[in-house]
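Grab a viewer and work through these exercises with the model open beside you. Each task comes with a step-by-step solution.

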2 protein chains.
Amino acid sequence: MSSTTPPTNTPLTYDQAGVNYDLIDPLKIAAQRAAAATGSHLGAHGFSEVGASRGESAYVVDVGPMYLASIVECLGTKPLVADDMAKLTGKSYYDGIAQDTIAMAVNDLITVGATPLVVQAYWAAGGSDWFNDAQRSQALVAGWKKACDTCQVAWGGGETPALAGIVADGRVDLASSCTGIISPKSRLSVGDKLGAGDAIVFLAASGIHANGLSLARKLAERLPQGYLTDIGNGQSYGEALLVPTVLYSPVTEALAKAGITPHYCANVTGHGWRKLMRHPKALTYRITSVPPKTAVLDFMQRECQLDDHEAYGTLNMGAGFALYLAADQAERAVEISRSLGIDAWVAGRVEEGPKRVVIEPLNVTFDGDELQLR
Amino acid sequence: MSSTTPPTNTPLTYDQAGVNYDLIDPLKIAAQRAAAATGSHLGAHGFSEVGASRGESAYVVDVGPMYLASIVECLGTKPLVADDMAKLTGKSYYDGIAQDTIAMAVNDLITVGATPLVVQAYWAAGGSDWFNDAQRSQALVAGWKKACDTCQVAWGGGETPALAGIVADGRVDLASSCTGIISPKSRLSVGDKLGAGDAIVFLAASGIHANGLSLARKLAERLPQGYLTDIGNGQSYGEALLVPTVLYSPVTEALAKAGITPHYCANVTGHGWRKLMRHPKALTYRITSVPPKTAVLDFMQRECQLDDHEAYGTLNMGAGFALYLAADQAERAVEISRSLGIDAWVAGRVEEGPKRVVIEPLNVTFDGDELQLR
């Protein structure tokens, strides 16, 4: 609650939270160019890449009777919150952390229309003794298993290296790789059919998910009660941050069973709603109805003194996943998601126009040059 | 050279190098059990796992017209050697480190008969500024690209997170995921056909590869000139350690083109030649001809005062990959590998008998209970 917080003179922005994308980006660009030059190798095996998947959230290869999609995703710094909260409460939050890690991979893989089939675990600890905390280890295993059950994916195996000297002592670097197929091939959704007239459907987020945690941790340092601060609904800030990311593959699979193929999908992660204009096409994404912020993001926006442009350009603000659909399928998609316990809304539409996201009710616009992914 | 080293009273063993597998193993076992229980989820999508791949080096799913294989693999602590050597010589070794990282995944994936198709990069740095070293970043990108070229795989994309607080400052946690297919399905090699009478063919290693580096680093601390110690052939210990891991997929692909399907394969990594009895079958693996140790492993064995049982049970000792083949195809396999520039030898045979590895020329035996992988 803001009343528990002393007034602060300066807003807290993402740049202040210590991640400098200017340093990472030149490497990323060099890597993307080198990677693009390797796609032709698939010809040696009789296959080819789906060129439109370059720069999308998952990479797609045409192997003849089906497409193959694959990805590796890092969880990020959310375990630092779990570690701090474990010290404060004595509980382990690694069951939720496991779900977050799988969600990072699965929610990206499904954007291209893939059915996730196999998840591999990457748990790199700062030393062998990390695994010695039985409560934490069991929570990690149980949460990983449960998330696989929810997504109906096979947990293929993985790596549990002890990397003293590389991973910090007492910490763990968590990631997940996911492999799936797109079958029938008509399920491929890399944006070819994305266009004016499409409806935008949002699937509800459960909280901050796993992006914006550097900012969230920075804020915790400024709160007098830190992670134990009540966010206004009786829930502590730390508990609220640690609510695990929603797994959206049950929705996309149910849509496929109902004969609904999205024209495009966006996993709303880093860059917040700027991600809505992820596809390279020049189109305007007009949001006419803004879903409720989750309590923790409402709290963060207020406490960090973020204006709507900053908040919606950085965090998911209640919308964890976006589907771009033929307009006449939008209401049915909402019903299907709700029937699975995931709230959903028809939030807007795609229009002809310059590349930008217009959030009408908030009078916020993100221009095309505010998102640089490729 | 041992003359440059003061006499030491105690041999240096792997346990002393700081990796305690007893702590990791209970978690591993819990994870393996939970993972095994998720295989049935594939039925919901009309597919099934290849049960025999559980516990093998890559996980295999039957998707109808072909098998799908996937894996994620960590490089380990080899970058610490590269970082130390960069300080000593001013050179970047991350081109070789990139190849090592890809080799960890590709060389495991091919053991089940898969053609690697897509590699994803996982480069988690201790902070954004890690990527600011242009020489190192360029070497990493160039080496990654070159390894993809050698293996004819597509570099699909990846992750370059900055994980301050999780990855140690100035360090990088490198991993790779790899996805491939087994097509035609007759190329599957999970050991069904492995049996007495098979020949064992070794493919040459280039050096230590990427296993045993904790021990190697510990030894460097004991050498008066550390990584700059001459190993006896004019090469420094550090340079010799950093020779990148051989990529074996060109060999397995060439074998397939020649109509040779191994009955089984073992990537000789951690656990050294104990890995030769990786398959659960009760069989005796008799090695009758021991290939030359690479110079760096010969040096390590001498300097660490490892007896043959310890050395061959921990390090690759010159044999980086093992093929188990119908005896009448062994010489042809050796020729094919040599034609690709990778030395190879018919090293022994599979026999009826208790599960064990017998290295006849060295009078060393590893009993079945000396390898616990599942």
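**Exercise 1. A salt bridge inside chain A**

Which side chain does A:Arg171 meet in a salt bridge?

*Solution.* First, some bookkeeping: this is a predicted model, where local features need pLDDT of at least 70 and side-chain atom pairs count only at pLDDT 80 or more, while totals for chains, interfaces and linings use all residues. Residues are numbered from 1 along each chain as its sequence is written, chains are lettered from A and ligands numbered from 1 in the order in which they are written, and side-chain values use heavy atoms, with hydrogens and water left out.

Next, apply the rule: a salt bridge is a side-chain nitrogen of Lys or Arg within 4 Å of a carboxyl oxygen of Asp or Glu. The partner is A:Asp83, with 2.8 Å from N to O.

Now place both ends. A:Arg171 is in the loop between β5 (154–159) and β6 (172–182) of chain A, and A:Asp83 is in helix α2 (residues 78–89) of chain A. The pair links distant parts of the chain, 88 residues apart. Helices (H or I, at least four residues) and strands (E, at least two) are DSSP runs, numbered from the N terminus.

Finally, run the count over all chains: 32 salt bridges.

**Exercise 2. How the copies are related**

Work out which operation lays chain B on chain A.

*Solution.* Superpose by least squares on the C-alpha atoms of residues with pLDDT of at least 70 in both copies. You get an RMSD of 0.0 Å, using a turn of 180° and a shift of 0.0 Å along the axis. The two copies are thus related as by a two-fold rotation axis. To find that axis from chain B, head for B:Val167: its C-alpha is the nearest one of that chain, 2.2 Å away.

**Exercise 3. Taking the interface apart**

Describe the side of chain B that touches chain A.

*Solution.* Start with contacts, meaning heavy atoms within 4.5 Å. 80 residues of chain B touch 80 residues of chain A. 100% of chain B's interface residues are also interface residues in chain A, so the copies meet through the same surface.

Then take the buried area, the accessible area (1.4 Å probe) that two parts lose on being put together, summed over both. It comes to about 6,300 Å², with carbon and sulfur atoms giving 70%.

What about polar links? Between chain B and chain A there are zero salt bridges. There are, however, 19 residue pairs in polar contact across the interface, both residues at pLDDT 80 or more. A polar contact is a pair of N or O atoms within 3.5 Å; within protein, one must be able to donate a hydrogen and the other to accept it, and residues adjacent in sequence count only if both atoms are side-chain atoms.

Last, ask who contributes. Elements giving two or more residues include α1 (21–36), α2 (78–89) and α4 (134–151) of chain B. β4(B) gives the most, with nine residues.

**Exercise 4. Backbone oddities**

Where do cis peptide bonds join Ser183 and Pro184 in chain A and chain B, and which loops hold the prolines?

*Solution.* In chain A, the bond between A:Ser183 and A:Pro184 is cis, with omega about 0°; A:Pro184 sits in the loop between β6 and β7 (199–204) of chain A. In chain B, B:Ser183 and B:Pro184 are also joined by a cis bond, with omega about 0°, and B:Pro184 belongs to the loop between β6 and β7 (199–204) of chain B.
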